[in-house]
Amino acid sequence: MNRKEITSLIILILVISYGFYRYQHRHYTEKQSRILMDTVFDITATSQDKNIKVVVDSTFELIARLDNKLSNYKTDSYLWKINHSDQETFSMDPDIYAMLVVADSLYKISHTMLDVTIGPVTNLWDYDSPHLPNPDSLKIALKLVDFSKIKYTHETLYKPKGYQLNFGCIAKGYAVDKAVEYLKKYGVKSGVVDCRSSIRIFGQEKEPFVVGIQHPRKANEVIGELTLHDQSIGTSGDYQQFFELDGIRYHHILDPHTGYPYESTISVTVIAPNATMADGLSTALFVMSPEEAINYAKDQPNTEAVIYYMSKDGIVSLKTTGMKDILKEKL
(Lines give C-alpha, C1' and ligand atoms only; values in the text may rest on other atoms or scores of the structure.)
Protein backbone atom coordinates (compact mmCIF):
# COMPACT_ATOMS: atom_id res chain seq x y z
CA MET A 1 0.00 0.00 0.00
CA ASN A 2 1.51 3.28 -1.09
CA ARG A 3 1.56 6.56 0.86
CA LYS A 4 -1.44 7.98 -1.03
CA GLU A 5 -3.54 4.92 -0.24
CA ILE A 6 -2.51 5.03 3.41
CA THR A 7 -3.45 8.73 3.63
CA SER A 8 -6.83 8.02 2.01
CA LEU A 9 -7.45 5.18 4.47
CA ILE A 10 -6.61 7.40 7.45
CA ILE A 11 -8.98 10.10 6.20
CA LEU A 12 -11.73 7.49 5.72
CA ILE A 13 -11.22 6.16 9.24
CA LEU A 14 -11.36 9.71 10.65
CA VAL A 15 -14.57 10.47 8.74
CA ILE A 16 -16.20 7.24 9.93
CA SER A 17 -15.05 7.88 13.52
CA TYR A 18 -16.41 11.43 13.46
CA GLY A 19 -19.71 10.20 12.06
CA PHE A 20 -19.93 7.53 14.76
CA TYR A 21 -19.09 10.13 17.43
CA ARG A 22 -21.81 12.44 16.14
CA TYR A 23 -24.25 9.52 16.07
CA GLN A 24 -23.37 8.56 19.66
CA HIS A 25 -23.70 12.18 20.83
CA ARG A 26 -26.70 13.27 18.79
CA HIS A 27 -29.29 15.39 20.61
CA TYR A 28 -32.99 16.02 20.20
CA THR A 29 -34.71 19.08 21.64
CA GLU A 30 -38.41 19.43 22.41
CA LYS A 31 -40.20 22.66 23.37
CA GLN A 32 -43.79 22.80 24.59
CA SER A 33 -46.11 25.13 26.52
CA ARG A 34 -49.29 24.40 28.45
CA ILE A 35 -51.59 26.25 30.83
CA LEU A 36 -51.47 24.61 34.26
CA MET A 37 -51.75 25.86 37.86
CA ASP A 38 -53.29 29.11 36.60
CA THR A 39 -50.16 30.04 34.65
CA VAL A 40 -48.19 29.05 31.55
CA PHE A 41 -45.59 26.30 31.90
CA ASP A 42 -42.85 26.19 29.25
CA ILE A 43 -40.60 23.16 29.02
CA THR A 44 -37.48 22.94 26.86
CA ALA A 45 -35.70 19.58 27.09
CA THR A 46 -32.67 18.15 25.28
CA SER A 47 -31.93 14.42 25.20
CA GLN A 48 -30.13 11.76 23.17
CA ASP A 49 -33.44 9.91 23.00
CA LYS A 50 -35.42 10.74 19.86
CA ASN A 51 -38.62 9.99 21.82
CA ILE A 52 -38.08 13.11 23.95
CA LYS A 53 -41.56 14.39 23.04
CA VAL A 54 -43.12 11.49 24.95
CA VAL A 55 -41.07 12.39 28.04
CA VAL A 56 -42.10 16.06 27.86
CA ASP A 57 -45.75 15.11 27.38
CA SER A 58 -45.64 12.89 30.46
CA THR A 59 -43.90 15.68 32.42
CA PHE A 60 -46.86 17.94 31.76
CA GLU A 61 -49.12 15.12 32.95
CA LEU A 62 -47.11 15.05 36.20
CA ILE A 63 -47.62 18.80 36.68
CA ALA A 64 -51.34 18.38 35.98
CA ARG A 65 -51.56 15.70 38.67
CA LEU A 66 -49.87 18.03 41.15
CA ASP A 67 -52.32 20.77 40.18
CA ASN A 68 -55.23 18.42 40.78
CA LYS A 69 -53.79 17.54 44.19
CA LEU A 70 -52.70 20.98 45.43
CA SER A 71 -55.27 23.37 43.98
CA ASN A 72 -57.17 25.53 46.46
CA TYR A 73 -59.99 26.05 43.96
CA LYS A 74 -60.67 22.69 42.29
CA THR A 75 -63.38 21.04 44.35
CA ASP A 76 -62.04 17.56 43.63
CA SER A 77 -58.44 18.31 44.62
CA TYR A 78 -56.91 16.59 47.63
CA LEU A 79 -56.10 19.92 49.28
CA TRP A 80 -59.61 21.31 48.73
CA LYS A 81 -61.11 18.24 50.39
CA ILE A 82 -58.79 18.63 53.37
CA ASN A 83 -59.57 22.33 53.68
CA HIS A 84 -63.32 21.79 53.59
CA SER A 85 -63.55 18.66 55.72
CA ASP A 86 -65.07 18.46 59.20
CA GLN A 87 -62.23 16.13 60.15
CA GLU A 88 -59.13 17.38 61.90
CA THR A 89 -56.76 14.43 61.27
CA PHE A 90 -55.80 13.18 57.80
CA SER A 91 -53.51 10.63 56.22
CA MET A 92 -50.40 12.41 55.01
CA ASP A 93 -49.64 12.77 51.31
CA PRO A 94 -45.91 12.84 50.37
CA ASP A 95 -46.20 16.08 48.36
CA ILE A 96 -48.20 17.79 51.11
CA TYR A 97 -45.57 16.69 53.64
CA ALA A 98 -42.70 18.03 51.51
CA MET A 99 -44.37 21.43 51.21
CA LEU A 100 -45.27 21.58 54.89
CA VAL A 101 -41.59 21.14 55.73
CA VAL A 102 -40.68 24.08 53.49
CA ALA A 103 -43.64 26.15 54.74
CA ASP A 104 -42.57 25.51 58.34
CA SER A 105 -39.07 26.79 57.57
CA LEU A 106 -40.40 29.89 55.79
CA TYR A 107 -42.79 30.61 58.67
CA LYS A 108 -39.82 30.75 61.05
CA ILE A 109 -37.55 32.64 58.64
CA SER A 110 -40.16 35.37 58.16
CA HIS A 111 -41.00 35.64 61.88
CA THR A 112 -44.54 34.30 61.20
CA MET A 113 -45.17 36.79 58.37
CA LEU A 114 -45.37 34.03 55.73
CA ASP A 115 -48.14 31.71 56.89
CA VAL A 116 -49.68 29.07 54.61
CA THR A 117 -52.80 28.86 56.82
CA ILE A 118 -53.83 32.24 55.39
CA GLY A 119 -56.42 30.51 53.19
CA PRO A 120 -59.55 31.88 54.98
CA VAL A 121 -58.22 35.43 54.52
CA THR A 122 -57.13 34.91 50.91
CA ASN A 123 -60.64 33.70 50.06
CA LEU A 124 -62.06 37.14 50.99
CA TRP A 125 -60.01 38.98 48.37
CA ASP A 126 -61.17 39.19 44.75
CA TYR A 127 -58.57 40.82 42.50
CA ASP A 128 -60.97 40.98 39.58
CA SER A 129 -63.24 43.30 41.57
CA PRO A 130 -61.92 46.54 43.14
CA HIS A 131 -63.45 46.36 46.61
CA LEU A 132 -62.10 45.58 50.08
CA PRO A 133 -63.20 42.61 52.21
CA ASN A 134 -65.87 43.14 54.83
CA PRO A 135 -64.01 44.10 58.06
CA ASP A 136 -66.09 41.79 60.23
CA SER A 137 -65.51 38.85 57.88
CA LEU A 138 -61.80 39.65 57.86
CA LYS A 139 -61.67 39.70 61.66
CA ILE A 140 -63.30 36.25 61.82
CA ALA A 141 -60.97 34.84 59.14
CA LEU A 142 -57.85 36.10 60.93
CA LYS A 143 -58.73 33.94 63.93
CA LEU A 144 -58.17 30.92 61.67
CA VAL A 145 -54.63 31.89 60.66
CA ASP A 146 -51.81 30.38 62.73
CA PHE A 147 -49.39 27.85 61.27
CA SER A 148 -48.19 26.86 64.75
CA LYS A 149 -51.52 25.05 65.16
CA ILE A 150 -50.67 22.68 62.28
CA LYS A 151 -49.07 19.39 63.38
CA TYR A 152 -47.65 16.87 60.94
CA THR A 153 -45.57 13.72 60.57
CA HIS A 154 -44.77 11.50 57.60
CA GLU A 155 -47.98 9.62 58.32
CA THR A 156 -50.45 12.17 59.69
CA LEU A 157 -51.64 15.75 59.28
CA TYR A 158 -53.52 17.52 62.07
CA LYS A 159 -55.37 20.69 61.03
CA PRO A 160 -57.94 22.38 63.31
CA LYS A 161 -61.43 22.61 61.88
CA GLY A 162 -61.91 25.78 59.84
CA TYR A 163 -58.20 26.19 59.08
CA GLN A 164 -57.20 26.13 55.41
CA LEU A 165 -53.81 25.51 53.85
CA ASN A 166 -52.75 27.60 50.86
CA PHE A 167 -49.43 26.64 49.27
CA GLY A 168 -49.54 29.38 46.64
CA CYS A 169 -46.15 30.72 47.75
CA ILE A 170 -44.32 27.48 46.93
CA ALA A 171 -46.57 25.20 44.84
CA LYS A 172 -45.38 26.38 41.43
CA GLY A 173 -41.73 26.18 42.44
CA TYR A 174 -42.35 22.69 43.82
CA ALA A 175 -43.99 21.64 40.54
CA VAL A 176 -40.98 22.99 38.62
CA ASP A 177 -38.59 20.93 40.77
CA LYS A 178 -40.68 17.76 40.39
CA ALA A 179 -40.77 18.31 36.63
CA VAL A 180 -36.97 18.65 36.46
CA GLU A 181 -36.55 15.56 38.66
CA TYR A 182 -38.79 13.60 36.27
CA LEU A 183 -37.03 14.84 33.14
CA LYS A 184 -33.62 13.87 34.52
CA LYS A 185 -34.95 10.44 35.50
CA TYR A 186 -35.86 9.80 31.86
CA GLY A 187 -32.55 10.84 30.37
CA VAL A 188 -32.96 14.55 29.71
CA LYS A 189 -29.48 16.07 29.87
CA SER A 190 -30.36 19.76 29.94
CA GLY A 191 -33.32 22.07 29.75
CA VAL A 192 -35.50 24.76 31.25
CA VAL A 193 -38.81 24.55 33.12
CA ASP A 194 -40.42 27.99 33.29
CA CYS A 195 -43.74 28.96 34.85
CA ARG A 196 -43.15 32.73 34.81
CA SER A 197 -42.70 33.32 38.55
CA SER A 198 -40.44 30.25 38.94
CA ILE A 199 -37.76 29.04 36.56
CA ARG A 200 -35.20 26.27 36.80
CA ILE A 201 -32.30 25.84 34.39
CA PHE A 202 -30.53 22.49 34.58
CA GLY A 203 -27.59 20.80 32.89
CA GLN A 204 -26.59 23.86 30.88
CA GLU A 205 -23.35 22.93 29.14
CA LYS A 206 -22.96 25.63 26.50
CA GLU A 207 -24.76 28.92 26.38
CA PRO A 208 -25.99 30.53 29.63
CA PHE A 209 -29.70 31.22 30.03
CA VAL A 210 -30.75 34.86 30.22
CA VAL A 211 -33.74 35.71 32.43
CA GLY A 212 -35.47 39.08 32.47
CA ILE A 213 -36.93 40.42 35.72
CA GLN A 214 -40.35 41.98 35.14
CA HIS A 215 -40.45 45.72 35.78
CA PRO A 216 -42.88 46.10 38.72
CA ARG A 217 -44.44 49.28 37.29
CA LYS A 218 -44.08 48.89 33.49
CA ALA A 219 -46.01 45.90 32.21
CA ASN A 220 -44.06 45.22 29.01
CA GLU A 221 -40.57 45.99 30.25
CA VAL A 222 -37.87 44.31 32.32
CA ILE A 223 -36.07 46.05 35.16
CA GLY A 224 -33.00 43.83 34.89
CA GLU A 225 -31.47 40.76 33.26
CA LEU A 226 -29.71 37.78 34.83
CA THR A 227 -27.40 35.26 33.20
CA LEU A 228 -27.79 31.86 34.86
CA HIS A 229 -26.19 28.39 34.75
CA ASP A 230 -27.85 25.36 36.36
CA GLN A 231 -29.79 27.47 38.87
CA SER A 232 -33.32 28.37 39.90
CA ILE A 233 -34.99 31.74 40.13
CA GLY A 234 -38.18 32.83 41.88
CA THR A 235 -39.92 36.21 41.79
CA SER A 236 -42.71 37.69 43.92
CA GLY A 237 -44.22 41.05 43.02
CA ASP A 238 -47.12 43.30 43.90
CA TYR A 239 -47.99 43.49 40.18
CA GLN A 240 -48.86 39.79 39.74
CA GLN A 241 -52.40 40.00 41.19
CA PHE A 242 -53.75 43.37 42.28
CA PHE A 243 -56.33 46.11 41.91
CA GLU A 244 -56.16 49.81 42.64
CA LEU A 245 -58.74 51.67 44.72
CA ASP A 246 -58.57 55.36 45.63
CA GLY A 247 -54.96 55.50 44.47
CA ILE A 248 -53.86 52.53 46.62
CA ARG A 249 -52.58 49.25 45.18
CA TYR A 250 -54.00 46.13 46.88
CA HIS A 251 -52.05 43.00 45.92
CA HIS A 252 -52.10 39.29 46.74
CA ILE A 253 -49.18 39.04 49.21
CA LEU A 254 -51.08 39.45 52.46
CA ASP A 255 -49.94 40.16 56.01
CA PRO A 256 -51.35 37.25 58.09
CA HIS A 257 -51.64 39.54 61.11
CA THR A 258 -53.79 42.22 59.47
CA GLY A 259 -55.30 40.49 56.44
CA TYR A 260 -54.20 43.36 54.19
CA PRO A 261 -51.40 43.46 51.61
CA TYR A 262 -47.89 43.85 52.96
CA GLU A 263 -46.60 47.37 52.34
CA SER A 264 -43.09 48.50 51.39
CA THR A 265 -41.52 46.01 48.99
CA ILE A 266 -42.78 45.82 45.40
CA SER A 267 -40.68 42.99 43.94
CA VAL A 268 -38.20 40.34 45.10
CA THR A 269 -36.16 37.99 42.93
CA VAL A 270 -34.17 35.13 44.46
CA ILE A 271 -31.62 32.77 42.92
CA ALA A 272 -31.33 29.43 44.73
CA PRO A 273 -30.29 25.81 44.00
CA ASN A 274 -33.92 24.67 43.61
CA ALA A 275 -37.15 26.31 42.52
CA THR A 276 -39.15 25.50 45.65
CA MET A 277 -36.82 27.52 47.87
CA ALA A 278 -36.38 30.27 45.27
CA ASP A 279 -40.18 30.59 45.06
CA GLY A 280 -40.73 30.47 48.81
CA LEU A 281 -37.83 32.72 49.75
CA SER A 282 -38.93 35.39 47.27
CA THR A 283 -42.22 35.62 49.20
CA ALA A 284 -40.59 35.33 52.64
CA LEU A 285 -38.20 38.19 51.83
CA PHE A 286 -41.09 40.21 50.41
CA VAL A 287 -42.87 40.23 53.77
CA MET A 288 -39.79 41.40 55.70
CA SER A 289 -38.49 44.95 55.72
CA PRO A 290 -36.12 45.42 52.74
CA GLU A 291 -33.08 45.87 55.01
CA GLU A 292 -33.86 42.80 57.12
CA ALA A 293 -34.60 40.75 54.00
CA ILE A 294 -31.34 41.54 52.21
CA ASN A 295 -29.30 40.88 55.36
CA TYR A 296 -30.98 37.49 55.72
CA ALA A 297 -30.35 36.65 52.05
CA LYS A 298 -26.66 37.54 52.39
CA ASP A 299 -26.28 34.88 55.09
CA GLN A 300 -27.81 32.05 53.03
CA PRO A 301 -25.46 29.69 51.14
CA ASN A 302 -25.81 29.55 47.35
CA THR A 303 -28.51 32.22 47.47
CA GLU A 304 -28.64 35.64 45.84
CA ALA A 305 -31.42 38.23 45.93
CA VAL A 306 -32.50 41.62 44.66
CA ILE A 307 -35.24 43.57 46.45
CA TYR A 308 -37.08 46.50 44.88
CA TYR A 309 -39.06 48.97 46.98
CA MET A 310 -40.44 52.48 46.63
CA SER A 311 -38.72 55.52 48.10
CA LYS A 312 -39.40 59.23 47.70
CA ASP A 313 -36.96 59.14 44.77
CA GLY A 314 -38.69 56.26 43.00
CA ILE A 315 -37.77 52.58 42.78
CA VAL A 316 -34.73 51.57 44.82
CA SER A 317 -32.95 48.20 44.89
CA LEU A 318 -30.97 46.27 47.48
CA LYS A 319 -28.77 43.39 46.28
CA THR A 320 -26.60 40.65 47.70
CA THR A 321 -22.94 40.80 46.66
CA GLY A 322 -23.24 37.97 44.15
CA MET A 323 -26.35 39.49 42.62
CA LYS A 324 -24.46 42.72 41.96
CA ASP A 325 -22.03 40.77 39.78
CA ILE A 326 -24.62 39.11 37.52
CA LEU A 327 -27.55 41.54 37.36
CA LYS A 328 -27.72 44.12 34.60
CA GLU A 329 -30.25 46.67 35.86
CA LYS A 330 -32.31 49.00 33.71
CA LEU A 331 -33.52 51.45 36.34
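**From one buried leucine to two sheets**

Leaving aside its neighbours within four places in sequence, Leu62 is in contact with Lys178, Ala179 and Tyr182. The model in which these contacts are found is a predicted one, and Leu62 offers a convenient place from which to begin reading it. The residue belongs to helix α2, and its relative accessible area is 15%; since buried means under 20%, Leu62 counts as buried. Farther off along the chain lies Val193, 131 residues away from Leu62, and the C-alpha atoms of these two residues are separated by 13 Å.

Before following helix α2 outwards, it helps to have the whole chain in view. The chain holds ten helices and 16 strands, and its C-alpha atoms fill a box of roughly 100 × 50 × 35 Å when this is taken along the principal axes. Of the 331 residues in the chain, 48% are buried. Among the contacts in the chain with a separation of 6 or more, 60% are accounted for by residues that stand 24 or more positions apart.

Helix α2 leads to an open sheet of eight strands, which are arranged in the order β1-β2-β6-β7-β10-β13-β14-β15 and pair in antiparallel fashion. The edges of this sheet are taken by β1 (28-36) and β15 (314-319), and because each has a single partner strand, one side of each is left without a neighbour in the sheet. From one strand to the next, the twist averages 15°. Helix α2, which spans residues 52-70, packs on this sheet and touches β1, β2 (39-47) and β6 (188-194), while its direction makes about 25° with that of β1.

Another part of the eight-stranded sheet is covered by helix α8 (residues 275-286), which lies across β7 (198-202), β10 (232-237), β13 and β14 and runs at about 30° to β10. Two of these strands, β13 (residues 265-272) and β14 (residues 304-311), run antiparallel and are joined by six bridges; within this pairing, Ile271 stands opposite Glu304 in β14.

Helix α8 also meets another helix. Two packed helices are described by the angle between their axes and the distance between the axes. For helix α7 (residues 171-185) and α8, the axes come within 7 Å and cross at roughly 165°. Because angles over 145 degrees count as roughly antiparallel, α7 is roughly antiparallel to α8, and the crossing in which α7 passes α8 is right-handed. On the α7 side the contact is made by Ala171, Lys172, Gly173, Tyr174, Val176 and Asp177, and on the α8 side by Ala275, Thr276 and Asp279. Sorted by class, the residues in this contact of α7 with α8 are four nonpolar, two polar and three charged.

A further sheet remains to be described. Three strands form this open sheet in the order β8-β9-β16, again with antiparallel pairing. Here β8 (209-214) and β16 (327-329) stand at the edges, and since each has a single partner strand, one side of each is left without a neighbour in the sheet. The twist in this sheet averages 20° from one strand to the next. Strand β8 runs antiparallel to β9 (residues 222-228), to which six bridges join it, and among the paired residues Gln214 has Val222 in β9 as its bridge partner.

Note on methods
Residues are numbered from 1 along each chain as its sequence is written. This is a predicted model: local features need pLDDT of at least 70, side-chain atom pairs count only at pLDDT 80 or more; totals for chains, interfaces and linings use all residues. Side-chain values use heavy atoms; hydrogens and water are left out. Two strands pair if DSSP finds at least two bridges between them. Helices (H or I, at least four residues) and strands (E, at least two) are DSSP runs, numbered from the N terminus. Axes are lines fitted to C-alpha atoms, for helices over the stretch in contact, and angles run from 0 to 180 degrees between N-to-C directions. Contact means heavy atoms within 4.5 Å. Angles under 35 degrees count as roughly parallel, over 145 as roughly antiparallel, 65 to 115 as roughly perpendicular and the rest as oblique. A crossing is left-handed if the near helix is turned anticlockwise from the far one by less than a right angle, and right-handed if clockwise. Ala, Val, Leu, Ile, Met, Phe, Trp, Tyr, Cys and Pro count as nonpolar, Asp, Glu, Lys and Arg as charged, and the others, Gly among them, as polar. Buried means under 20% relative accessible area, exposed over 50%, partly exposed in between (1.4 Å probe, protein chains only).
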